[in-house]
Amino acid sequence: FASSAAKLDAARLAAGDELATEVEGVLAHLAMDGTRLEFQWQPRADASSPLMRDGESVAFDAEGVNECVLLIAANPGEEPRPMGRIASGGELSRVHLAIRTVLRKRQSTGGLSLLFDEVDSGLGGATAAALAELLADLAVNDQILVVTHLPQVAATAHRHFRIEKVVDDGRATTRVAALDGQERESEVARMLAGGELTESARAHARVLLERP
């Protein structure tokens, strides 16, 4: 078993390096250029196990003897640290999107339901358009749910829902409304204008919605 575990370790190290490089390439298009990812493998300690690794008893099963921690350095000069501890919500969503984008290219069978929240945090312009394109590509095979404030992203969706909080009889409630046609154009225009709807905002919204 020790020999099989060693071979699995070597394969995982190589695959992890390759995956990290590809994911970093996708992140470069999402305003995270220079981000470094690292898959850190470490033995799972188990004092009752007869299998030894570097003088320590380690757990083993069909998944091997190691567990993985994803490390990230979002800025140049930083040391990679556990992503779950230091990454912001937006960074987590973008890394998730980048990983799914890479994995989808490798395996196109099956459909997933993926939820992205804050994935557009701090983005705009050409980066927002790149984000919208990546999400649309994933949606060809998977069900993609996105909470967004970007008109570029909203305009590429197959279905558009407006979520708003209202106070009714002194109680706050959340309403969800499906938008079509003129309502959707108005909502995208509102996202563009940020205030009073103008004809130029409506014209821009129509351009976004008419894109294939």
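Buried here means under 20% relative accessible area, exposed means over 50%, and partly exposed is in between (1.4 Å probe, protein chains only). The model is predicted, so local features need pLDDT of at least 70 and side-chain atom pairs count only at pLDDT 80 or more, while totals for chains, interfaces and linings use all residues. Residues are numbered from 1 along each chain as its sequence is written, and side-chain values use heavy atoms, with hydrogens and water left out.

**Exercise 1. Overall build**

Work out how many helices and strands the protein has, then look at its overall dimensions.

Solution.
- Step 1: The secondary structure comes to 7 helices and 9 strands. Helices (H or I, at least four residues) and strands (E, at least two) are DSSP runs, numbered from the N terminus.
- Step 2: The radius of gyration of the protein is 22 Å, whereas a compact globule of 212 residues would have one near 17 Å. That radius is taken over C-alpha atoms, and the globule rule is 2.2 Å times the number of residues to the power 0.38.
- Step 3: Along the principal axes, the C-alpha atoms fill a box of roughly 70 × 40 × 40 Å.
- Step 4: Of the 212 residues, 35% count as buried.

**Exercise 2. A turn and its exposed residue**

Find the loop residue between β8 and β9 that has a positive phi although it is not a glycine, and decide whether it is buried or exposed.

Solution.
- Step 1: Start with the strands: β8 (residues 160–168) and β9 (residues 171–179) run antiparallel and are joined by 9 bridges. For two strands to pair, DSSP must find at least two bridges between them.
- Step 2: Asp 168 has Arg 171 in β9 as its bridge partner, and the hairpin has 2 residues between the strands.
- Step 3: Asp 169 is found in that loop, and its phi is positive, about 55°.
- Step 4: With a relative accessible area of 78%, Asp 169 is exposed.
- Step 5: For a second case, try Glu 118, in the loop between β6 and α4. Its phi is near 65°, again in a residue other than glycine, but Glu 118 is partly exposed, at 41% relative accessible area.

**Exercise 3. The open sheet**

Put the strands of the 3-strand open sheet in order and say which of them stand at the edges.

Solution.
- Step 1: The order is β1-β4-β5, with antiparallel pairing.
- Step 2: β1 (36–43) and β5 (81–82) are the edge strands; each has a single partner strand, so one side of each has no neighbour in the sheet.
- Step 3: Now check one pairing: β1 and β4 (residues 66–73) share 8 bridges, and Trp 41 has Cys 68 in β4 as its bridge partner.

**Exercise 4. The main core**

Which helix gives the most residues to the largest nonpolar core?

Solution.
- Step 1: Pin down the term: a nonpolar core is a set of buried Ala, Val, Leu, Ile, Met, Phe, Trp, Tyr and Cys residues joined through side-chain atoms within 4.5 Å.
- Step 2: The largest such core has 30 residues, and Val 23, Val 95, Leu 97, Phe 116 and Leu 131 have the most contacts inside it.
- Step 3: At least two residues each come from α1 (2–27), β4, α3, β6 (113–117) and α4 (125–138).
- Step 4: The winner is α4, with 6 residues.
- Step 5: Apart from this core lies another, of 6 residues, including Val 188 and Leu 208.

**Exercise 5. A threonine in a helix**

Where does Thr 101 sit, and what does its side chain reach?

Solution.
- Step 1: Thr 101 is in helix α3 (residues 89–106).
- Step 2: Its relative accessible area is 8%, so Thr 101 is buried.
- Step 3: The side chain of Thr 101 reaches the backbone oxygen of Leu 97 at 2.8 Å. A polar contact is a pair of N or O atoms within 3.5 Å; within protein, one must be able to donate a hydrogen and the other to accept it, and residues adjacent in sequence count only if both atoms are side-chain atoms.
- Step 4: Leaving aside neighbours within four places in sequence, Thr 101 is in contact (heavy atoms within 4.5 Å) with Val 26, Leu 134 and Leu 138.
- Step 5: On the α4 side, Leu 134 and Leu 138 are among the buried residues.
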